[in-house]
Amino acid sequence: MEDMYFYNKILHGEALDDVFILDNHMHLGKVNDFPVQCDDGQLVRMMDRCGVNAGCISSLLSLSEDFRKGNDEIRRLVKKYPGRFFGQIVINPNFPGEIRSELNRCWNMGGFRQIKIHPVFHQCDADDKKYLPVYQFASEKKISVLSHVWGVEQVKKFFNLAREYPDVIFILGHSGGEIPAQRLAVELANRYSNIVLDITGSWHYEGMIEFMVREAGEDRVVFGSDAVFLDIFPAIGRVGMAGIPRQAKEKVFGLNMKRVLGLT
Amino acid sequence: MQQINGITWFDCNCSIGFSKLPEDQPVCNASGLKEHMACCGISEALVWNIACRNYDPMTGNQELNSMLAGSMSIHPMWTIIPGHAGDFCKPEDLPGEMKKHGVKAVRVFPSAECHNFSLKPWTMDKIYRVLEEYQIPLFIGLEQTSWEEVHEIAAGYGKLKIIVTGVGYRNGRMVYPLMEACRNVYIETSMFKVPCELDRLVGRFGPERFLFGTGYPKYSMGSAIALVSYCSMSNEEKGLIASGNLIELLGA
C-alpha cells in the first residue's frame, strides 16, 4: 500500500515528519463544563509528538467571555512560538460597535492571519448583518474566515454568504458536524469555490473523510483537531488511516491550508 | 496475535450486522471487519450484532454465533436482557449457554429507545450476581445509562466488572470520582478525546482500567488507535490498554 508510511507511523506513535501538517482549528484556554488541562507548552509538545508543524488558533476566552483579553492571549502565544501558530481574530457580534476596532487592533498588532466566528457561543447566526464588518474586513485583507458550523440549518446560512462574498474564503468548522449537515456542506463546496471543509470534530465518523475528499475534491478539505478543546492525536489517526491516496492526505493535512493562508 | 512496536491491538467495541439506517449505523460483515482490522493493525475484536440492539437479542445472538463460527480473531459479545417475560434465558442458565458458544462478555441496551428495561437491582439483581460469580464483564454504552446509574450498580455489586463505552470528552468530572470510588469500573477509550487526559488518568489510576475500543464501523479505527499510540505513557502501559486489560477481563 502506497501509504503504509502513515499507518506505520501512527501505530508506532511517531511524528509524521515527512508531511507538512497545518492544523486549521485550534484553541487555547479553558471551558466551563469539563476540565481542559493543557497549556501552551503541552500543546506544542503534543504537536511535536505527532508532527503538526503549525496551527491556526483562537482563544477559548475570546469565544466565551472576553474577546479582547483572549485575542491578546493569542498574540502572546504567536510571539512566544515563532512559526508555530497563526492567530485567529475573534470578535463578538454582541458588541457590534467594537467589531471593526477590534479587527483593526489585532491586525495592527500582527500575528493574526484569519478571523474566527462562533455563531453558537455568541448566539448570533453567521448571516446576521452584525457580521458585515467581519466579511468586509476579510475581503479587504484577503483573509479567510473560520466559522463554527454545526447542523443543517447552520450550513444553509453559507449558501448566501458564499455567493454574497465571493472573494472571502469561508472555512466551515466541523463542516456541519452531523452526517446530513456534512453532506449538505459538500454540496455547498461543490457550488461555491470559496468554501473549504474542515474535518474537526469529536465524532470521527468512519468514511466521512473519504466522502468529503471524493465528493468535494482533495483540494477542498482541511485538517483540524480542535485542540486543546479536543485531543490532536485522534484527528491525526483519522486522516492518516483514511482510505484516500497519499497525495490527498498531504493536501488535507497541510498543503490546502498553506494555500488558503497564502504561505510560501 | 500480531505485535506492532511491541503492542497488540484488541478492539473491545465493534459491531457487525445489517442496519436499516446505514448512515446512522454502517453495515459491516465479519469479512469486512477483518479486512479493515488488518489494514489498521488490529489483531482481534470483540463484537456485538446490530440486530441484537435493533431487532431482538436472542435472534441477534444466534445470528452472531453463526456469523463468527470458526473465527479466531473476531469474538462474540452477547447482548442480554432480563428474561422475566420469558423472552431470554434465565440468569442461572446464562454462563452455561455462553460457554457453549465461546462467549465471554455481554452488553446491555436498556434505554427506552432500545430494550426498555431498568438497570436497577429490582430488575437486574440476579443477572448481576451471576455475572459477578462467573466474572463475566458487562459492557454498557454511556448513551444507554447515566453516571449515577453506573455508580449505583458498581457500588452495589463490587465484583461486577463494568466497562463503560462511548465516554465522550465532556465527562472528565464524572470519570475521575467514579474511578476513585469504584475499582470495578473500566473506561473504553475511543471517544475520550481530551488532550493529555488519558496519560493523566493512567498516571493517577494506572493503565489497568482502560480498554482500547474503536466504535467501528460507525467511527474511525485510525482515530481510536492514535488516541492511545501517541500518548506519553510507556509502551507497556499502552500494551495493557491496547489488549492486555481486555485479555485479562475475558479470562483468555
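**Note on the internal cavities**

1. About 80 Å³ of space lies in the largest cavity, and this value, like the others below, comes from a predicted model. Of the 14 residues that line the largest cavity, those closest to its centre are A:Glu206, A:Arg238, A:Met241, A:Ala242 and B:Ser220, so named here with their chains because the reader will want to find them in the structure.

2. Which elements give two or more residues to the lining of the largest cavity? They are helix 9 (208-216) of chain A, together with helix 1 (30-40) and helix 9 (221-229) of chain B. Among the elements, helix 9 of chain A gives the most to this lining, with 3 residues.

3. By class, the residues lining the largest cavity divide into 7 nonpolar, 4 polar and 3 charged.

4. The second largest cavity holds about 50 Å³ of space, and its lining is made up of B:Val108, B:Leu119, B:Tyr128, B:Leu138, B:Ile140, B:Thr145, B:Val150, B:Ile153 and B:Ile162. Two elements of chain B, strand 6 (138-141) and helix 6 (147-156), give two or more residues each to the lining of this second largest cavity.

5. The lining of the second largest cavity has 8 nonpolar residues, 1 polar residue and no charged residues, whereas the lining of the largest cavity includes 3 charged residues.

6. As for the overall count, the structure holds 5 cavities of 30 Å³ or more.

Conventions:
Residues numbered from 1 in each chain as written. Chains lettered and ligands numbered in written order. Predicted model: local features only at pLDDT ≥ 70, side-chain atom pairs only at ≥ 80, totals over all residues. Heavy atoms only, no water. 1 Å grid on protein atoms, 1.4 Å probe; cavity = no way out; pocket = protein on both sides within 12 Å on 5 of 7 lines; lining within 4 Å. Points joined across faces, edges and corners; volume = space filled by probe spheres on them. Helix = DSSP H or I, 4+ residues; strand = E, 2+ residues; numbered from the N terminus. Nonpolar A, V, L, I, M, F, W, Y, C, P; charged D, E, K, R; others polar.
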